[in-house]
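This report is written for a reader who is meeting the structure for the first time. Please look it over before reading on.

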Amino acid sequence: MAQAQVERAVVIGGGIGGLTAAAALHRRGTRVTVLERSGSLEPVGSAISLAPNALRALDVIGLGDDIRALSAWQGDGGLRAPGGRWLARTDADAAAERFGGPLVLLHRATLIDHLAGLLPSDAVRTATAAHLVDPGDPGDPARPARVGTADGELEADLVVAADGIHSTVRHALFPDHPGPVYSGFTTWRTVVPLPGVRFASHETWGPGRLWGTHPLKDGRVYAYAAALAPAGEHAADDERAELLRRYGDWHAPIPAVLAAARPEDVLRHDVHHITEPLPAYHRGRVALVGDAAHAMPPTLGQGGNQAVEDAVTLALLHARMRSRGGTPIAGGLSAYTADRLPRTTGIARRAVRAARLGLMTDRAGIAVRDTAITVLSRAVPALLLRSFDEVASWRPPTSDAVSFGAEPRQ
């Protein structure tokens with residue numbers, strides 16, 4: 001009896017979405033090759049928050065509990081004004097009870113290491129730029145997808161494009177799509193040691209600016225900031241000095257964070273997002289995941305979470321079609337678009353609205369906003385949590401999750 005041919009998948013991009021997809025496909029017996037253009041998998045030095053929806057996705061590949069163990073957010077947190085006044089309070093235990101699990105904040109490098117650890121040692125090729133040569137035909141076994149590299153072409157039954165917001169694969173698949181646009185604001189991120197300083201996790205909203213400070217499990221602090229600014233603008237001296245000018249007189253622990261940061265610790269990036277949804281998240285034998293499919297502002301903290309959802313959902317739906325004896329690539333990719341496009345489009349639009357709300361500049365409007373948030377949060381203490389219900393309640397299909405060998409959380 002002839003031995004069944006092992007399915008081949010090429011993943012373009014070794015970030016969170018790409019590695020999650022690779023791990024999920026590998027778990028189902030697919031031979032996976034990850035092509036990452038950078039010299040290593042080590043990501044830019046910042047943190048990521050994983051909400052219960054993404055953690056349930058990671059349960060499917062057996063990683064959820066390992067990541068939950070890194071949870072550091074304890075006690076109260078919430079939303080503040082620059083002078084320190086609390087506009088709304090949240091509680092980590094209440095959030096975990098409501099959503100069925102904690103919100104976990106960890107360094108991106110930690111998550112990358114965990115994901116890469118699920119793959120064979122020879123599955124990842126760094127310093128390897130890749131481009132799509134042919135998306136292939138899922139209905140024709142004789143026409144696989146082809147991916148070009150400096151060392152030659154790779155053929156694949158499935159290509160997962162996780163090549164980021166400026167995805168060349170997306171442009172190749174949908175050349176008439178306008179692509180990402182500037183969101184109107186820039187962001188700064190830093191991770192610094194802050195021993196002996198105790199504070200409640202918070203986000204603070206000021207006129208056209210916001211700041212967040214959150215503890216990590218290892219004792220360091222993750223801080224981020226956002227402000228309305230022209231595209232491409234940078235500080236004349238350095239970005240730490242720019243943060244001091246913009247946020248140095250805001251409430252504690254913000255001055256302490258800035259004092260602990262070195263100029264080289266501060267990263268600045270303009271924010272771009274996709275305003276016009278793609279017609280599909282697949283074409284031929286190629287699927288887009290994460291920012292390549294639906295780049296969104298970071299104001300809901302869901303960019304990486306949705307990439308994880310994408311990756312696991314793609315693998316689950318592909319596995320479902322294989323188990324039914326159908327054409328796995330064609331059926332799985334069509335089901336993937338049908339599942340993911342509506343959800344991610346809705347979340348991306350909410351992220352845009354959240355950015356507008358948090359970065360308001362009109363002082364009268366800010367006063368009304370802050371008063372409304374304060375009054376409503378006191379009248380309905382779970383207001384902030386309730387607004388997140390639809391996002392955090394997502395669960396992977398139970399039957400498919402079990403087929404991956406992992407019991408999903410209920």
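Contact here means heavy atoms within 4.5 Å.

## Basis of the model

The model is predicted, and local features need pLDDT of at least 70, side-chain atom pairs count only at pLDDT 80 or more, while totals for chains, interfaces and linings use all residues. Residues are numbered from 1 along each chain as its sequence is written, and side-chain values use heavy atoms, with hydrogens and water left out.

## The surroundings of Thr20

Thr20 belongs to helix H1, residues 16–27 (helices, H or I of at least four residues, and strands, E of at least two, are DSSP runs numbered from the N terminus). Thr20 is buried, its relative accessible area being 0% (buried means under 20%, exposed over 50% and partly exposed in between, with a 1.4 Å probe and protein chains only).

Once neighbours within four places in sequence are set aside, Thr20 is in contact with Leu58, Ile61, Leu115, Val308, Ala311 and Val312.

## The seven-stranded sheet

An open sheet of seven strands with mixed pairing follows the order E5-E4-E13-E14-E15-E12-E16, where two strands pair if DSSP finds at least two bridges between them. Strand E5 (86–91) and strand E16 (267–273) are the edge strands, each pairing on one side only.

Within this sheet, strand E13 (residues 201–206) pairs with strand E14 (residues 209–215) in the antiparallel sense over five bridges, and Glu203 stands opposite Gly212 in E14.
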